[in-house]
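I set out to record what I looked up on the contact between the chains and on the salt bridges. The entries follow the order of my queries.

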Amino acid sequence: MGKRDLSEYSICKDAQAMIAKAREDGVETVWDRLREQEPHCGFCELGLSCRNCIMGPCRIDPFGNGPQRGVCGADADVVVARNFGRMVAAGAAAHSDHGRDLIETLLAVGEGTTADYGIRDEAKLRRIAEEVGLAVAGKDAKAVALELAEQFFNDFGCRRGSISFIDRVPAKRRALWEKVGITPRGIDRDVVEMLHRTHMGVDNDAVNICLHAARLSLADGWGGSMIATEVSDILFGTPTPRTSKVNLGVLKADQVNILVHGHSPIVSEMILAAVHAPALLAKAKAAGAQGINLAGLCCTGNELLMRQGIPMAGNHLMTELALVTGAVEVVVVDYQCIMPSLVTVAGCYHSRIVTTSPKAKFTGATHIEFDVHNARQKAVEVVELAIERFKVRDAGRVEIPVEPVEVMTGFSNEAVLAALGGTAAPLIEAIKAGKIRGAVGIVGCNNPKVKQDYQNSNLIRECIKRDLLVLVTGCVTVSAGKQGLLMPAAADLAGPGLSEVCKALGIPPVLHVGSCVDNSRILQLCGMLATALGVDISDLPVAAAAPEWYSEKAATIGLYAVASGIFTVLGLAPPILGSKVVTDLAVSGLEGVVGASFAVEGDPVKAAELIDARIRVKRTALGLTP
Amino acid sequence: MLKKTVIVRPELCVGCMQCMIRCAQAHSQSKSLACAIREEILAKPRIHLGVGPENKPFPNKCRHCEPAPCQEACMPWAIRDDIAQGLKIVDPTRCIGCGMCAMACPYYVIRFYQDAGAPERPSVAVKCDGCHERVAAGAIPACVAACKTGALTFDEVNLYLKQGTNRLANAVYGVKA
């Protein structure tokens, strides 16, 4: 990792300590590999390379000297749009396939073919079923679950013309989507159609491809992701406010440490059930451990944090470093954002990576496949493996670098409304009065190109200072939590209006609303506010940001936010800069099409100024004080 | 101090053209890729990829010869050797675009474009300047920094050849390098 100062990699003490330990232990990390890759391919960075057929691969010379068209004749605009379209399709596919796994679990519950899963929030099951038009009266929970699962499966095809939650979209926004032709039709349909369109010789108009990218992103945000969120709540409980802890200090030197990593609650909830089994606790004690400690990484960690208050060990860039503590027996993973390098890092210690999904195997990992019929038993096997690994842990190599920080979590829309007395009216009043000037969803990942958590946490600080309520999901949750921003005491860092509201309600100025599929909660909340005010989402004083994003999924989230009417600031540019048409569309043209656009700004203060300026305009247009 | 130069090993080149794109970026006004491609006068690469049999790529750049035929042919003294030691660098403010240098160059590494260094002239000679500004600042030439396969390295030529001799010696005695 060279001679660079540790503070250049991360603002977090736990990360810095573990990067130093990785150097001593000879463990290669994500930052080493980034350095090896730099400078990245300039064509790819600009989106100007096309690998879609074997007349190529082709590159468009951005300096105008070499080829300006691929072998097929595609110019820079078409090549960039094709690549971006596929990027967004992959992100939507990831969220939505995760959503489908939850429907399959719901179906198994409805069919009565699983003893391992059940309905933890029957009231929500019935409410959602009614919302999407099912008759629930006189039916038992299983029957409703079955019908709801069938209904949601249909959202993935294209039978009904649109998706179940389309009615959550304010009328003005739906009319706009109809006019532009981007109403999502079916989750799989719109994703597959993008793969079709970007095959050679299909859609060769950059703007047309980008509009379809917007449509399929909406099928994710208001479809696949929203289904994932709502069905997760039905199966595992709707989150309510609670406190927990965050950072590598949640690992315990005298206990068996198991980390869950990935995205879906289906596996992690079963691991949680197993770690409390008295027989396993007895085995752990017999192995010399004081207990079994479960903590989360990334979004499956967020799922457990929101619903069960399970502590979070870290976000994306902490996943390798968690293993470097030498204190982790097992990392059990499902899918998405799990660096293949974890197997290698685990191999440098006594740790084991356990894969659980047939669609996400890692060479060198231990594969213990989970399904709806065997999940509890398989979870027991995972915990037993962890206890065995604890026996061979080398205590001399263990270093747990920091003390954990407290966080408040669990702010589902249901919980927020309950805290407000059952309706959004008090929130709307606070916004009208200017105490809360607006709301900003700050979401997304870590990216080793950016000093870890610097942009995420500082953008949050800058926003709350300006009386903007911040909602966080995904990896930003940990960025915020580690800095103490997820506790009510952080109200002291907020502007006077927001501070007053937070103190009155006993809530933090930064609300943790879930995992990355739970960005759908933010969409739903925006939809509710706009409908209550009789306006479009693009009229609301709201914005979004993904300061340290890295993934295809984040590109999809950004696009569904913009296509839903929410101005979105990205901390890093997507690979579209090689096309003037696509770049101009993203940063300005979309404003005239969907009433919102992207901005790219890596400086958190300048990003906050962009957001603030946007919210001023929106507030003024609504006749409010800026 | 040993004088380092860009050493080309064409057998390692995969034809990715990263050297070209990063060369152009390094010779842009802004030095950032995203901004460089939007400059009014686009920077040009000074390293070129020749295509041999079976599409075998050949990275080709100025050797900074001594004596340099291009320099001897240049009538307005635009190819200077007083900017950085050992490098033949085109001064675009002196170049009249006559093409004599390119005719004299046996390696075909000089091209003619409008250049931001002399925007009033329609076309001046554009060739490798050894990234002398980067090297003075402690960096290596942009083409070398971009090369992922070792086809371009920045090294002292005799040291490089000595290492090659050692590799050969090992090979002769059946030792894998």
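The entries below concern a predicted model.

**Entry 1: the interface**

I began with the contact between the two chains. I found 20 residues of chain A in contact with 21 residues of chain B. The chains bury about 1,600 Å² between them, and 60% of that area is on carbon and sulfur atoms. On the side of chain A, I noted that Pro39(A), Phe63(A) and Asn65(A) lose the most area to chain B, together 43% of what that side buries.

I then looked up the polar terms. Eleven residue pairs are in polar contact between chain A and chain B, both residues being at pLDDT 80 or more. Helix 2 (30-37), helix 3 (42-45) and helix 23 (580-594) of chain A each give two or more residues to the side that touches chain B. Helix 3 gives the most, with three residues. By class, I recorded seven nonpolar, eight polar and five charged residues on this side of chain A.

The count of salt bridges between chain A and chain B is one. I identified the pair as Arg22(B) and Glu45(A), at 3.0 Å from N to O.

**Entry 2: Cys41(A)**

I checked an annotated position next. UniProt, in an unreviewed entry, places the feature "binding site" at Cys41(A). I located Cys41(A) in the loop between helix 2 and helix 3 of chain A. Leaving aside residues up to four places away in sequence, Cys41(A) touches Gln18(B) and Arg22(B). Its relative accessibility is 26%, so I entered Cys41(A) as partly exposed.

**Entry 3: salt bridges within the chains**

Over all chains I found 50 salt bridges. In one of them, Glu414(A) pairs with Lys124(A), the closest N and O atoms being 2.6 Å apart. Glu414(A) lies in helix 16 and Lys124(A) in helix 5 of chain A, so this pair ties together parts that are 290 residues apart in sequence. I noted that Lys124(A) is buried at 0% relative accessible area, whereas Glu414(A) is partly exposed at 23%.

In chain B, I looked up Lys88(B) and Glu66(B), which form a salt bridge with the closest N and O atoms 2.7 Å apart. Both lie in loops, Lys88(B) between strand 4 and strand 5 and Glu66(B) between strand 3 and helix 3 of chain B, 22 residues apart. Lys88(B) is buried at 2% relative accessibility, while Glu66(B) is exposed at 61%.

Lastly, I traced salt bridges that share partners: they join residues including Lys124(A), Arg127(A), Glu131(A), Glu414(A) and Arg521(A) into one network.

Conventions
Residues numbered from 1 in each chain as written. Chains lettered and ligands numbered in written order. Predicted model: local features only at pLDDT ≥ 70, side-chain atom pairs only at ≥ 80, totals over all residues. Heavy atoms only, no water. Contact = heavy atoms within 4.5 Å. Buried area = accessible area lost by both parts, 1.4 Å probe. Salt bridge = Lys/Arg side-chain N within 4 Å of Asp/Glu carboxyl O. Polar contact = N/O pair within 3.5 Å; in protein donor to acceptor, adjacent residues only side chain to side chain. Helix = DSSP H or I, 4+ residues; strand = E, 2+ residues; numbered from the N terminus. Nonpolar A, V, L, I, M, F, W, Y, C, P; charged D, E, K, R; others polar. UniProt positions renumbered as here; feature names shortened; annotations may be inferred. Buried < 20%, exposed > 50% of the residue type's maximum accessible area, 1.4 Å probe, protein only.
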